[in-house]
Amino acid sequence: MKKKIIAILVLSMLLIAVLIGCDINVEKRQISTGDDSMLKTLILTDIRFDGSDTDLVREKMISKMVKDRNPEFIAITGNIVNARNNGEVMKKAVSFIDSLGIPWATSIGELDVAGDTNKKQIMRILTDSKLKNSMVMRGENYKYNYVLEIVDRSNKVSNLLYFVDTAEECSDTFVEWFQNTVINLSFKYKEVTGQILNTQVFMNRPLPVYADAKDRNKDDIHPWENGITFQKAIINNKLARTVLAGFDMISGTLTYEARDIRFVYVKPMNFDSSMTGDKYNKQKTLLGCSSCDFSSSADIRITPHAYLPDDFVVS
């Protein structure tokens, strides 16, 4: 009886969302998994191109990651750049990423927009028509947040990939947009009414729940401001399967589960630009990337891969 009541409530929520004002005209952009129904994805975070000579090392590292992992899609959880002249550095950075010939998308991190070039102009750079492989969207989506759809070999949408802007405080209107799009797209694409599509969230700042992981020093966690509202919406309504975050210098192996939802740190690329000093020596063993094969399966496994900058420095 209880299960029937829950099913009726979920169905009611879906119908209400459709009927009362959640008619969201979202720009549609899809990625095909190909014949194997899996999207091999390279996940990067906090690359932090800064305009220095070390950017060549970053480029070499990413090129090696692409060669090793052979991805069909590159997902970046934000902070592609970290420079006062962020617009100039961003243009060079995304030109390089685009030249890899692989579809890619990114969330906005606070360092991406911390320089002289504002967020609107940064978004124009990310969506420039000259970039042939950029999947970044703006316009009909909510501000600088957007969703991509993964389509399997039978032409069915198997996953929703949300790219979240954590450069500003989390708002109630953002949370409402996220809930509405998940519910509406699930209602549109799922054969069983009331089921939620596999939903993955890419964001730079982590959510407060990351601090609940076992043996984790809470002082190491720098959560998204007011992110508790987003967190509650995801956990209470099971609106996502996986949340992937960056920003904090964590090993990339930390995973915390709450109500069948996995909160994962992506292995970061951030390292000291001077390539010397105690900070660099401490951080370098943490560096690398993560990978995942997104499919219709609810069992999403994120695998971290270590890369040492020292291996890419030309002496």
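**Exercise 1.** Decide whether D35 is buried, partly exposed or exposed, and place D35 in its surroundings.

*Solution.* D35 has a relative accessibility of 68% and therefore counts as exposed, where exposed means over 50% relative accessible area, buried under 20% and partly exposed in between, with a 1.4 Å probe and protein chains only. D35 lies in the loop between β1 (30-32) and β2 (39-44), strands being DSSP runs of E with at least two residues and helices runs of H or I with at least four, numbered from the N terminus.

The model is predicted, so that local features need pLDDT of at least 70 and side-chain atom pairs count only at pLDDT 80 or more, while totals for chains, interfaces and linings use all residues. Residues are numbered from 1 along each chain as its sequence is written, and side-chain values use heavy atoms, with hydrogens and water left out.

**Exercise 2.** Compare the span of helix α5 with its expected span, and list its buried residues.

*Solution.* Helix α5 covers residues 172-189, which is 18 residues. From first to last C-alpha α5 reaches 26 Å, close to the 26 Å expected at 1.5 Å a residue, the expected span being 1.5 Å times one less than the number of residues. Among the buried residues of α5 are F174, W177, F178 and I183.

**Exercise 3.** Describe the setting of L126.

*Solution.* L126 lies in helix α4 (residues 119-126), and because its relative accessible area is 1%, L126 is buried. V94 is 32 residues from L126 in sequence, yet the two C-alpha atoms are 7.1 Å apart in space.

**Exercise 4.** State which residues of helix α6 are buried and what follows the helix.

*Solution.* In α6 (residues 228-237), F230, Q231, A233, I234 and I235 are buried. K238 follows α6 and has a positive phi, near 50°.
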